[in-house]
Number of protein chains: 2
Amino acid sequence: MELDERKLKILQAVIRTYLETGEPVGSRTISKYTDLNLSPATIRNEMSDLEELGYIIQPHTSAGRIPSDKGYRLYVDTMLDAKESEVQNLREELEEKAGRIDDVLQKVAKFLAANTNYATMVSGPRYQSKRVKFIQITSVDEENLLAVIVLDNNVVKNQMIRIEEPVNQEMVVKLNFLLNTTLNGLDVLEINLAVIQKLKEQLGEHTQVVDSVIEVVGKTLVEEDDLAIYTSGATNILKYPELSDKTRAAEILGAFEEKEIIHNWLGLPEKGKNNESRDIQVYIGDETQVESMKDCSMVTATYHIQEGVYGKIGIVGPKRMDYDKVIGTLNSLMSQLDDIFKEKK
Amino acid sequence: MELDERKLKILQAVIRTYLETGEPVGSRTISKYTDLNLSPATIRNEMSDLEELGYIIQPHTSAGRIPSDKGYRLYVDTMLDAKESEVQNLREELEEKAGRIDDVLQKVAKFLAANTNYATMVSGPRYQSKRVKFIQITSVDEENLLAVIVLDNNVVKNQMIRIEEPVNQEMVVKLNFLLNTTLNGLDVLEINLAVIQKLKEQLGEHTQVVDSVIEVVGKTLVEEDDLAIYTSGATNILKYPELSDKTRAAEILGAFEEKEIIHNWLGLPEKGKNNESRDIQVYIGDETQVESMKDCSMVTATYHIQEGVYGKIGIVGPKRMDYDKVIGTLNSLMSQLDDIFKEKK
DNA sequence: AATTAGCACTCCATCTTATTGAGTGCTAAC
DNA sequence: GTTAGCACTCAATAAGATGGAGTGCTAATT
C-alpha cells in the first residue's frame, strides 16, 4: 500500500487537528475539516489504511485516531511551512544586554518559554580550545593576592589567593614574568602537574607563598568551568494533561533542576534530516532516548558565537507541540542571535 | 475556657499524627495514641473545645480534625524538642568547596532538599556596603583593555573594554592612577554621573578612548549584581497531595523559577518568636503573605559570612511539614556553615 | 471500482445511585 | 468528670445505567 496524495492530506488533517485539541480525531471531524469533500465513511477507510501503515494509532477500539511517532516524524520532515514569527520585539532588548552573554541567554530562554508555552533550556557556549593569553598577579592587600587570567576567547577568570605573609613587589613582578613566559599560549588542557612542577623548579629560590600561588593558578586554569544552563517555563509542562500525570511531571520537572541532565539532552546526536538550512533538530518521543520523555518532543537549535564556539537551545513539550510555530520561532531567533553575536565580535 | 495540660497533650497528639499521615485525625486514633488512657468520647469533648478555641479544624462535618494555622503556630512555638541531625557528613564536602561560595550554597540547597523532601532555596550573601578597594586597567591586546575592580568585600568584578585604537602604556598608567585616587574608598552607591563627569574633567587632555573606559568602569561599578539564588527540590512539592493540585503546584513551582520572587520570600519580616538561639523563623500558611502559598509553610534561617554579610536559607513544604526535623537540621547546618565561613575568613 | 449511507457494535466518560465506614454530637448511665 | 451507646452526617468508593462518539462492515449508489 502506498501513501497517495489523499492519504497524506488526511494524515496532515489528523495531525493538525490533534495538535490543537489534544483529543483523538474522528472521521467525521476530518470530513468537515478538509477541502476534500469526502464522507466520513471514506475517511474511515483511509484512516484504517493509515493506521495499518503505522502513521496513526487508535488509543482504544471506539476512539478517534492520534498520530504515532512515525506520523509526527513524517509531518515534521515534509509538511511544515516556513513561517515568519514575532521575534523582532526581542531584538532590541537583547542588543542592549549583548555584553553579558549569560543575560542574553537567560532572556532567550524566558522569551521562548513565554512565547511557545513549552519548557525551554539554553546551554551556554562551549569553547573548544582555550589558550592562556595573559596572566596577572596583583597584590590586593597584605593578606591577598589576586590572580587574573585571560584566555584567548577573552574569558576572564579571577581567583583570590590568601597568603600568610606579605609578598614584596619585586617577587610579584618576577612571578608575573615567569607565569606569563611559561604558560602563555598553552592550551589549558596541556597544563598539568608536570608543567606546574617545572614551573616551580625554574623559580630557583622559592618561598612557600610562591608555591601556593603557582598551585592556585594551575588549579584555576584546569578547573572545569561549570555548565552554564539556563531554563525557563519548566512548569509549562503541567499545562498538558498528557504530561501532567504526577509521577511523570515530577520526573521531567526534576530533570529540569539538574544541569547535567539538561546538558545531556542538548548533546543528543543529530538526526539525519535538517529542517530548513539551520541546525534545527526534532526529537519525537523515544527519539529523545530518555525514558521519562517518551511522551514529549524536543526541538533543538544551535547558535554560533564565533567559529567553533556555539551553544544549544532546546524546547520541550508534548508530542503534539506546535512544531510549525516552534521551528519558525527558533529559525527566526537563531538568525537574530547570530547577527547580534557577529556584531559584537 | 483555658488550655489545660490535657488539652495541650491532645492537641500535640493531633498535630503529630497529622504530620505523619496527612489525614484528618479522629478521636479514636488519639485515644489509642496517647498515654492518657481516655476514651474516644472524652477525647471528642476535648477536641470540640480545642476547635472552639481555634487550634483545630474540621474539614467537614463527619471528618476528623486537622490543625489550624493557630494550632501549628502553638506547636512550633512551644512543643518542639531540640534534636541532633545528620549534617555531619556534609561538612567535609563543604570544606573542600569553601573557596567558591556559590558552590557551597548550591550544595547546601541540594543537601537540604534531599534530606527533608521539601523544596529549598538559598540566597547568596548580600553585602551591605561596598567600597572600591582597588582598580586596575590592563591592556590585553590591541583591541581590548581589561578592567579589574576589587571591592572591599573581596568581590572581584571584571569587564572587557573594546577599544578602537591601541592605547599606549603611558596612558594606561595614568588612567590607573587617576581611577584609583578618585574612586578608592568610595561606596559604589556614591559613584554617580557627577563623579564620573568630574573624573573626566580632571583628566585634562582626554581622548575618546579614555572617555569610554571611564564610562564602562562607572557602569560596571554601579550595576546591580544579579540576585544569587539557588534552589533545589522544587518538585518535592508534588509529593504532597494537598499541594499537588495542578494549578496550585504550577503556581508554586513557577515561583521557584523566578529569582525575584524567591528573593522576596526570603525577605519576609521576622516574626516575634525566635526558636532556639539562631535566627530561625517559621511562617505558616497566610503568614507567608503569598496567596499561592497559603497551604504551605516556610522555615527560614540566616547564615553569616562576616559582620553584616549574610544570606538566607528557606525550606518550603506543606503545612504539615516535619517542623521538628527541619528546624533541627537547619540549626545544625547553620552552625556548621558559620564555622566554615569563619575559618575561611 | 470508488464512494457513501446505514446500522450494529464497542467502549470511554459521565452521571446516578447504593454502600460503606470513619467520625461526630448528644444523652444517659456510671 | 468520664464513658458507653446510639443516631446521624458525609466523603469516598463501588456498582450500575446512560449517552455519545467513533468504528467496521455491508449493501446500495454513482
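In the predicted model, Ile135(A) stands opposite Ile149(A) of strand β6(A). Strands here are DSSP E runs of at least two residues, helices are H or I runs of at least four, and both are numbered from the N terminus. Residues are numbered from 1 along each chain as its sequence is written, while chains are lettered from A and ligands numbered from 1 in the order in which they are written. In this predicted model, local features need pLDDT of at least 70 and side-chain atom pairs count only at pLDDT 80 or more, whereas totals for chains, interfaces and linings use all residues.

The sheet of chain A was examined next. Strands β5(A) and β6(A), the latter spanning residues 144-151, run antiparallel and are joined by seven bridges. Two strands pair if DSSP finds at least two bridges between them. The sheet is open and has three strands in the order β5-β6-β7, with antiparallel pairing. β5 (132-139) and β7 (156-162) of chain A stand at the edges with a single partner strand each, so one side of each lacks a neighbour in the sheet. On average, neighbouring strands are turned by 15° against each other, direction ignored.

Chain B also has an open sheet of three strands, ordered β5-β6-β7 and paired antiparallel. Its edge strands are β5 and β7 of chain B, each pairing on one side only. Here the average turn between neighbouring strands is 20°, direction ignored. Eight bridges link β5(B) to β6(B) in the antiparallel sense. Gln136(B) has Val148(B), in β6(B), as its bridge partner.

Strands of chain B also take part in the interface between the chains. There, 24 residues of chain B are in contact with 24 residues of chain A. Contact requires C-beta atoms, placed from the backbone, to lie within 7 Å. On the chain B side, β5 (132-141), β6 (144-151), β7 (156-162) and α10 (246-255) each give two or more residues. This side has twelve nonpolar, nine polar and three charged residues. Ala, Val, Leu, Ile, Met, Phe, Trp, Tyr, Cys and Pro count as nonpolar, Asp, Glu, Lys and Arg as charged, and the others, Gly among them, as polar.

Chain A is assigned domain 1 (5-78), domain 2 (88-125 + 228-344) and domain 3 (132-222). These bounds come from an automatic or database domain assignment. The C-alpha centres of domains 2 and 3 of chain A lie 39 Å apart.

Helix α1 (residues 5-21) of chain A packs against α3(A): their axes come within 10 Å and cross at roughly 90°. Axes are lines fitted to C-alpha atoms, for helices over the stretch in contact, and angles run from 0 to 180 degrees between N-to-C directions. α1(A) is therefore roughly perpendicular to α3(A), a term that covers 65 to 115 degrees. Arg6(A), Lys7(A), Ile10(A) and Leu11(A) meet Ile43(A), Glu46(A), Met47(A), Asp49(A) and Leu50(A). The residues of this contact are five nonpolar, no polar and four charged.

Both chains also lie near DNA. Of the 20 residues around DNA strand C, Thr42(A), Thr61(A), Ser62(A), Gly26(B) and Ser27(B) come nearest. A residue is near a strand if its C-beta atom, placed from the backbone, lies within 6 Å of it. α3(B) gives the most to this surface, with four residues. Around DNA strand D there are also 20 residues, and Gly26(A), Ser27(A), His60(B), Thr61(B) and Ser62(B) come nearest. For strand D, α3(A) supplies the largest share, four residues. This surface has five nonpolar, twelve polar and three charged residues.

Definitions and conventions. Contact = placed C-beta atoms within 7 Å. Parallel < 35°, antiparallel > 145°, perpendicular 65-115°, else oblique.
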